[in-house]
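This report goes through a structure model, its sheet and the packing of its helices.

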Amino acid sequence: MLKTIILLTDTVQQQQPLANLLREHNRDLAFCSALRASDLSAVDPDVLSEARLVSFAADVAVPEKFLLRLGYGAYKFYAAPTQYPGLPPAPDDSDEDPRCYSVIAQSMTIWPDFKKVVGLETVTIPDGTVPAERERLVFSRLAHLFWQMSGMIAGETTDIPAIIGAGENQRPTLAMMN
């Protein structure tokens with residue numbers, strides 16, 4: 001039974017609103033907060049088999065060992081310019097700011113072939129938008145995607161269904177590595 005959500009966020013201010021939203025769907029959930037990989041290592045190992053990790057707008061590498069111990073998987077919510085899917089653009093690639101972004105919810109696994117996109121939206125930035133406004137537009141779409149998926153995130157489902165990738169609905173096991 002899902003008992004704990006481990007929230008990995010970019011800022012401490014994001015923790016409470018995300019937890020409140022998830023709690024609306026499952027009042028019995030407990031929450032652990034994390035801002036860095038070192039915070040993840042401080043989570044009680046006994047909690048992990050009944051926990052799900054949710055990374056929201058955080059650029060933190062999650063240790064493989066940690067991912068393997070999670071009983072309800074791990075998902076990350078992030079934004080990327082569509083011309084650089086999955087990667088931020090290199091500073092010298094273009095003088096222009098990207099006009100189109102994808103906000104993505106993706107499973108986190110140590111096996112690349114098993115990663116899957118579970119949520120996706122596109123944001124088109126109007127011409128002449130200043131960088132701060134562009135950031136606000138993209139972040140608000142990312143928050144909207146999280147809001148849309150909050151029921152699934154807080155639910156008992158062990159594996160959120162894919163909309164892109166990982167054709168199998170089977171979670172990888174250690175036996176599959178051999």
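The text below covers confidence, then the sheet, then the helices.

The model is predicted: local features need pLDDT of at least 70, side-chain atom pairs count only at pLDDT 80 or more, and totals for chains, interfaces and linings use all residues. Residues are numbered from 1 along each chain as its sequence is written, and side-chain values use heavy atoms, with hydrogens and water left out.

The pLDDT (the predictor's confidence in each residue, from 0 to 100) has a mean of 85 for the protein, with 83% of residues at 70 or more. Over residues 168-178 the pLDDT is below 50, and this stretch has 16 contacts in the model beyond near neighbours in sequence; contact means heavy atoms within 4.5 Å. Where pLDDT is low, the predicted coordinates should not be read in detail.

Helices (H or I, at least four residues) and strands (E, at least two) are DSSP runs, numbered from the N terminus. Six strands, in the order 2-1-3-4-5-6, form an open sheet with mixed pairing; two strands pair if DSSP finds at least two bridges between them. The edges are strand 2 (30-34) and strand 6 (117-124), each paired on one side only. From one strand to the next the twist averages 15°. Strand 1 (residues 4-9) pairs with strand 2 in the parallel sense over 5 bridges, and Leu8 stands opposite Ala34 in strand 2.

Both helices below touch the sheet; angles run from 0 to 180 degrees between N-to-C directions, and axes are lines fitted to C-alpha atoms, for helices over the stretch in contact.

| Helix | Strands touched | Angle |
|---|---|---|
| Helix 1 | strand 1, strand 2, strand 3 (51-56) | about 150° with strand 1 |
| Helix 4 | strand 1, strand 3, strand 4 (74-81), strand 5 (100-107), strand 6 | about 25° to strand 5 |

Helix 1 (residues 15-25) also packs on helix 4 (residues 131-154), at an angle of about 55° with axes 8 Å apart. The two helices are therefore oblique to each other (under 35 degrees counts as roughly parallel, over 145 as roughly antiparallel, 65 to 115 as roughly perpendicular and the rest as oblique). Helix 1 contributes Leu18, Leu21, Leu22 and His25 to the contact, and helix 4 contributes Phe146, Trp147, Ser150, Gly151, Ile153 and Ala154.
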